[in-house]
Amino acid sequence: MTPITDSLSTEVNVPLRDVVGNRELALDVVPETLRPGALDAPVRWAHVSELQDPAPYLLGGELILTAGVNLPERIDRYVRGLRDAGVTALGFGLTPTVHETLPEPLRRACARRGLPLLVVPSRTPFLAVNRAVSVALTEAGQREQRRITAARETLTRAAGGGLGELTSSLAAVLGSWVALVGAGDVLASAHDAPTPLPLQVRELMATVRAGSGIRSATTELAGGFVVVQPVYPQATASHLVVVGRPRRLDGAGRAILAVGAALLGLVGRAGSDAAELGAAATGLLLGRVTPGDAARSLLGSEVVRLVAGAAHRRGPDEVARRPDWLRARLDTPLVEVGAGMRFTAVAGAVSLPVLEDLREHGWLAAVGSPVPAEQLAGSSAEAELLLARARALGRPVVAGSGPPDFDALLDPGASRGFAEKTLEPLAALDEAGDRSLVLTLRTWLAHHGAWEPTAAELGVHRNSVRHRIAQVERALGVDLADPETRMRLWFALRWAAPGP
């Protein structure tokens with residue numbers, strides 16, 4: 001077994017046969033220089049070089065073009081250097097001013113060294129070959145991106161069905177067998193994954209586990225190839241995904257495997273959290289653990305953030321509405337999906353890329369300030385206010401990610417007292433007649449007093465918004481045209497007790 005540690009490269013290439021098959025170039029292949037599989041070798045670029053020894057300046061996978069201007073006397077050494085540098089093929093251009101025919105020593109050397117030799121006719125300029133390869137690479141890149149996008153959508157939908165469905169979908173899109181392996185057991189498998197895994201595969205898994213960081217390893221096995229890499233976020237390899245297929249993964253295949261590995265890690269984490277969640281909830285009810293202990297057990301931190309989300313634009317599809325889908329994205333088991341296309345979650349750290357991913361799937365979310373778990377209930381008003389701001393801006397909002405926060409300068413008790421006293425008349429009217437005055441004020445202020453966006457978000461007519469805002473002014477005895485008044489009310493909403 002010869003394991004090969006791979007990076008997750010998505011470098012685009014095209015097979016040599018695609019270049020040779022371009023009729024506009026009229027390239028002739030010297031048959032005796034072709035070994036089995038030579039036309040399937042990848043071409044990553046076409047490069048013109050008249051150097052006697054270009055090998056030190058090459059990266060591998062090139063189609064080297066030369067007119068033989070400085071062709072060295074030791075042709076065999078020249079060809080061997082190109083082959084050892086990983087050159088895919090040599091294109092020799094015929095021209096009346098240099099070589100009208102293909103030099104026989106070059107033909108023999110390429111045949112001996114197994115370097116494919118192409119004859120470029122005088123009517124085909126090297127620039128045309130460069131351009132053709134460039135166009136082919138661009139088209140290949142676009143195909144790969146479409147393939148990756150389609151696979152990502154398929155795998156994301158499958159993630160809602162759990163590890164078994166996700167493993168089967170990954171196997172289908174890669175055309176391979178797949179096994180998800182935990183510390184010592186196969187957690188899920190698909191497409192006739194071998195049971196037990198062969199010794200060579202287990203040795204490869206040990207190699208990956210002994211490494212560090214995000215990496216993968218490949219080995220040949222029984223006429224095919226096996227790839228092993230960690231799932232995420234467990235990049236230190238407590239869980240591994242193993243893929244076996246007849247041919248090596250190309251760049252798009254590796255990108256798809258990376259997506260699948262990430263989702264397997266997140267779905268696996270969400271599933272394993274069920275037992276921890278039950279234990280933590282039981283401990284809280286019986287008084288054996290504090291909220292801080294529960295947060296540390298479930299989230300790895302006593303400091304938590306409240307996440308509030310609402311449907312964005314067309315809203316999430318059926319899969320993205322599922323609590324397990326949100327749990328996997330937010331990396332927390334504490335997710336509640338409520339009526340009216342809303343969700344609430346308690347999480348540790350939530351990154352902006354995660355929030356952007358939610359937005360792409362139809363959710364717009366806001367993240368409150370980090371607080372001790374015991375004080376989480378007081379974060380409800382802030383999270384709702386941030387969500388109103390996020391909906392007005394059309395993008396996620398995270399507390400503390402903007403200019404320096406002045407909350408640190410304030411006494412929380414005095415601030416809550418001010419908020420309660422200021423908004424008490426509105427809360428009383430809402431409780432008596434369900435007029436939604438607090439919600440309307442919050443939404444209207446978030447939209448900078450714009451009637452149409454406020455009405456659209458609340459799902460009412462703009463005249464209803466005008467009527468409610470007039471009620472707010474009368475109940476509070478204020479003029480909302482005054483920016484100072486708006487600022488004070490926004491502050492009060494920030495520190496208000498949890499409510500609508």
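Me: Two strands pair if DSSP finds at least two bridges between them, and strands (E, at least two residues) and helices (H or I, at least four) are DSSP runs, numbered from the N terminus. This is a predicted model, in which local features need pLDDT of at least 70 and side-chain atom pairs count only at pLDDT 80 or more, while totals for chains, interfaces and linings use all residues. Residues are numbered from 1 along each chain as its sequence is written, and side-chain values use heavy atoms, with hydrogens and water left out. Which residue of strand 8 is the bridge partner of Asp28?

Reply: Strand 3 (28–29) is an edge strand of an open sheet and pairs on one side only. Two bridges join strand 3 to strand 8 (residues 117–120), and these strands run antiparallel. Within strand 8, the bridge partner of Asp28 is Val119.

Me: What is the order of the strands in that open sheet?

Reply: The sheet has five strands with mixed pairing. Its edges are strand 3 and strand 5 (45–48), each of which pairs on one side only. Read across the sheet, the order is 3-8-7-6-5.

Me: Which element of the protein has the highest mean pLDDT?

Reply: The term pLDDT denotes the predictor's confidence in each residue, from 0 to 100. For the protein the mean is 84, and 87% of the residues reach 70 or more. Among the elements, the lowest mean, 41, belongs to strand 1 (residues 4–6), and the highest, 96, belongs to strand 8.

Me: Over which residues does pLDDT stay under 50?

Reply: Where pLDDT is low, the predicted coordinates should not be read in detail. A contact is defined by heavy atoms within 4.5 Å, and the model has 32 contacts beyond four places in sequence for the stretch concerned. That stretch, with pLDDT under 50, is residues 1–10.

Me: Is Val129 buried or exposed?

Reply: Val129 lies in helix 4 (residues 126–159). Leaving aside neighbours within four places in sequence, Val129 is in contact with Leu25, Leu63, Leu65, Val120 and Thr124. A residue is buried under 20% relative accessible area, exposed over 50% and partly exposed in between (1.4 Å probe, protein chains only). Because its relative accessible area is 1%, Val129 is buried.

Me: Around what arc of helix 15 do its buried residues lie?

Reply: Helix 15 (residues 462–476) has Val465, Arg468, Ile469, Gln471, Val472 and Leu476 as buried residues. They lie on the same side of helix 15, because they cover an arc of only 155°. The arc is taken from the directions from the helix axis to the C-beta atoms. The value is therefore 155°.

Me: How many residues apart in sequence are the parts that Glu452 and Arg462 tie together?

Reply: A salt bridge requires a side-chain nitrogen of Lys or Arg within 4 Å of a carboxyl oxygen of Asp or Glu. Glu452 and Arg462 form one, with their closest N and O atoms 2.7 Å apart. Since Glu452 lies in helix 14 (residues 451–458) and Arg462 in helix 15, the pair ties together parts whose separation in sequence, in residues, is 10.

Me: Which helix holds both Glu356 and Arg359?

Reply: The side chains of Glu356 and Arg359 meet in a salt bridge of 2.6 Å, N to O. Glu356 counts as partly exposed because its relative accessibility is 25%, and Arg359 counts as partly exposed because its relative accessibility is 26%. The two residues are three apart, about one turn of the helix, and both lie in helix 10 (residues 352–360).

Me: Which residue takes a positive phi in the hairpin of strand 15 and strand 16?

Reply: Strand 15 (residues 335–338) and strand 16 (residues 342–347) run antiparallel, joined by four bridges. In this pairing, Glu336 stands opposite Thr344. The hairpin has three residues between the strands, and a positive phi near 70° is found at Gly340.
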